[in-house]
Every structure is written in structure tokens, then in C-alpha cells.
Amino acid sequence: MYNGFFPEIIMSEAEKITRCVEVLCGSGCNTVRSTISSLQNNEPVQSHKQMVNELDGNGRAILLAELVSIMAIYEKENMIDWQEINSVFLDMDGTLLDLHFDNYFWREHVPLRYAQINDIHMEEAREKLFTKFSEMEGTMEWYCVDYWTEQLGMDIAMLKEEVDHLIAVHPHVVEFLEAVRATGKRVVLVTNAHGKSLELKMNRTQLGGHFDALICAHDLGLPKEDVRFWEKLQNIEPFTSGNTLLVDDSLPVLRSAREYGIQHLLAVYKPDTKGPMREVEDFMAIHRFEEIMPG
Ligand SMILES: [Mg+2]
């Protein structure tokens with residue numbers, strides 16, 4: 001814009017950003033991660049407040065982009081030792097696919113149809129449904145299309161089709177799947193989703209052909225949150241815990257996999273592209289699959 005006339009102004013903003021990057025990176029990974037999270041969610045930063053607050057909106061956006069790319073490169077070098085991996089287990093909703101579809105479906109679309117059918121207000125419908133949902137969270141029924149069809153008196157599979165245009169694959173997923181398979185490792189989709197949801201999503205995204213196997217927790221009778229799930233999985237998809245990578249956006253699932261002994265675990269920072277950054281506890285996590293491309 002005016003950089004020809006006021007180079008000192010541009011320089012000084014650029015210098016401020018450079019100084020922020022240096023100081024934040026010098027304070028360690030956790031500081032950088034929490035600053036990224038605050039900037040992404042438009043919240044006040046916790047460390048080196050004054051320095052970051054001196055930046056204008058554009059400066060904050062540039063700082064955020066720089067910190068994200070620095071962390072991506074840093075974490076890529078440390079995150080996965082591909083030599084050690086033989087099997088890659090990938091979750092579907094929120095990991096490979098944008099969780100926005102599922103969030104929108106259960107928080108907006110189902111309450112809307114429920115309100116219409118029962119002739120009640122949307123708010124009342126939401127309240128009733130959310131109570132029912134939270135009671136079943138983490139159980140096999142929670143993921144079961146047939147269970148909710150019966151409980152709510154609505155054809156859930158059909159309702160999903162009404163909004164299936166919202167089903168979307170996260171960035172770099174296809175390249176990642178192809179790159180991992182090219183190395184000869186097993187690539188397996190391991191999902192809690194019901195068979196009908198899996199079918200709808202595979203039809204919509206055409207991702208199915210990129211896997212060596214598709215495994216539905218319903219066929220094993222236990223959700224991934226249950227540590228016994230991984231034992232059962234061994235019967236149909238043998239794996240060595242020390243040489244297996246699991247990427248999953250659910251912390252309860254990652255915890256159960258860790259308890260079973262799976263050595264390489266990764267969480268997902270933004271399962272829903274329209275939602276906030278997620279807390280990932282002490283798990284390593286990715287923003288995008290390009291951060292862990294093999295080779
Ligand atoms: Mg998930």
C-alpha cells in the first residue's frame with residue numbers, strides 16, 4: 001500500500017511480529033501452542049501480553065500464521081517416526097472428515113425436524129434431545145442409527161441424507177492416505193460410526209478405496225472408548241501395539257488406546273472446521289495431515 005512512502009511504519013510492524021515470534025518461540029512449545037489457540041479463538045493471550053497486544057489485527061493474523069507454520073515444521077520432525085509404523089488406524093468423523101456435518105446434524109437438523117414432528121419449539125426440542133444425547137454419550141447406542149430412529153421416532157438415516165451435502169473431507173487426507181499406502185503399511189479406518197453412517201459417508205466422499213480395511217465398532221460390539229475394543233480388534237485386524245499409529249479426535253478413545261498399549265497416538269486440533277481449537281491434554285496433535293506425511 002504505502003510502503004514506498006512510509007517504509008518505517010511497515011518495518012516497525014514487521015519488526016514487532018519478528019520480535020513476538022522470537023520471544024514466544026524462546027519461551028517453549030507450550031507457550032507457542034497456547035498463543036496459537038488464543039489467537040485462533042480471538043481470546044486474550046496469556047504470555048507476553050503487552051507485546052502481542054501492540055500488534056494490530058493484521059499483525060496478529062500474520063503472527064498466528066507464522067506460529068502455526070513454525071509449529072507444523074517443528075512437530076513434523078518430532079511427531080512420527082515412520083520407520084517404526086506398520087499399521088495406521090484412522091478415525092472417520094472429526095479426523096478424516098469435517099465434524100461440522102455431525103455437529104450440524106445433531107445440534108440443528110435433528111432438533112428442527114423433532115420440533116416440527118412433535119409440534120414444539122426448537123428450544124424445547126433441543127433441551128429434550130440434548131438430555132437424551134448426553135445420557136448415552138460414549139456408549140454403542142450413542143453411535144447407533146437404529147437406536148435413535150427408534151428412540152426419536154424419526155428415520156435418522158434418511159434425515160442424514162437431507163443434509164449430506166455438508167459431508168466434507170479434511171484437507172490433505174487423500175494425499176496422506178495415498179502416501180502411506182505407497183509405503184506398504186496397512187491403512188485401516190476404525191470408526192464408532194454405525195454401518196449406515198459409514199456407507200453414506202463413503203458414498204459421498206469416495207474415500208473407501210483408499211483403505212486396506214474398514215472396521216465398524218458395531219461389528220465388534222464395543223465402542224473404541226472401551227479398552228477391550230482393541231483386544232477384539234486384534235482378532236480381525238492383527239497389529240503390534242508398538243508399531244501402530246492411531247489418529248483420532250476423541251480423547252476418551254486415545255486414552256483407551258494408550259491404556260491398551262498403542263504407542264503412537266495423535267489427536268486433532270480442529271475436528272470441526274467451524275468450531276474452536278480443541279484441548280488435547282498431553283497428546284500430540286495435528287492441524288492438518290500434511291504435517292505427518294511420510295517420507
Ligand atoms: Mg471422531
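Two short exercises on this predicted model follow, each with a worked solution.

**Exercise 1. Backbone and exposure in a loop**

Task: Find where asparagine 42 and histidine 48 sit, state the sign of phi for each, and classify each as buried, partly exposed or exposed.

Solution:
- Step 1, place. Asparagine 42 lies in the loop between α2 (29-40) and α3 (49-53). Histidine 48 is found in the loop between α2 and α3 as well.
- Step 2, backbone. Most residues other than glycine have a negative phi. Asparagine 42 is not a glycine, yet its phi is positive, about 60 degrees. Histidine 48 is not a glycine either, and its phi is positive at about 50 degrees.
- Step 3, exposure. A residue is exposed with 12 or fewer C-beta neighbours within 10 Å, and buried with 20 or more. Asparagine 42 has 9 such neighbours inside 10 Å, so it counts as exposed. Histidine 48 has 16 inside 10 Å, so it counts as partly exposed.

**Exercise 2. A helix pair**

Task: Describe how α5 and α6 cross, then list and classify the residues in contact.

Solution:
- Step 1, geometry. Two packed helices are described by the angle and the distance between their axes. The axes of α5 (residues 100-118) and α6 (residues 122-136) come within 8 Å and cross at roughly 120 degrees.
- Step 2, handedness. The crossing of α5 with α6 is right-handed.
- Step 3, contact. From α5 come Trp106, Val110, Pro111, Leu112, Tyr114, Ala115 and Asn118. From α6 come Met122, Ala125, Arg126, Leu129 and Phe133.
- Step 4, class. The contact of α5 with α6 holds ten nonpolar residues, one polar and one charged.

Key: Residues numbered from 1 in each chain as written. Predicted model: local features only at pLDDT ≥ 70, side-chain atom pairs only at ≥ 80, totals over all residues. Helix = DSSP H or I, 4+ residues; strand = E, 2+ residues; numbered from the N terminus. Axes fitted to C-alpha atoms, helices over the stretch in contact; angles between N-to-C directions. Left-handed = near helix turned anticlockwise from the far one by under 90°. Contact = placed C-beta atoms within 7 Å. Nonpolar A, V, L, I, M, F, W, Y, C, P; charged D, E, K, R; others polar.
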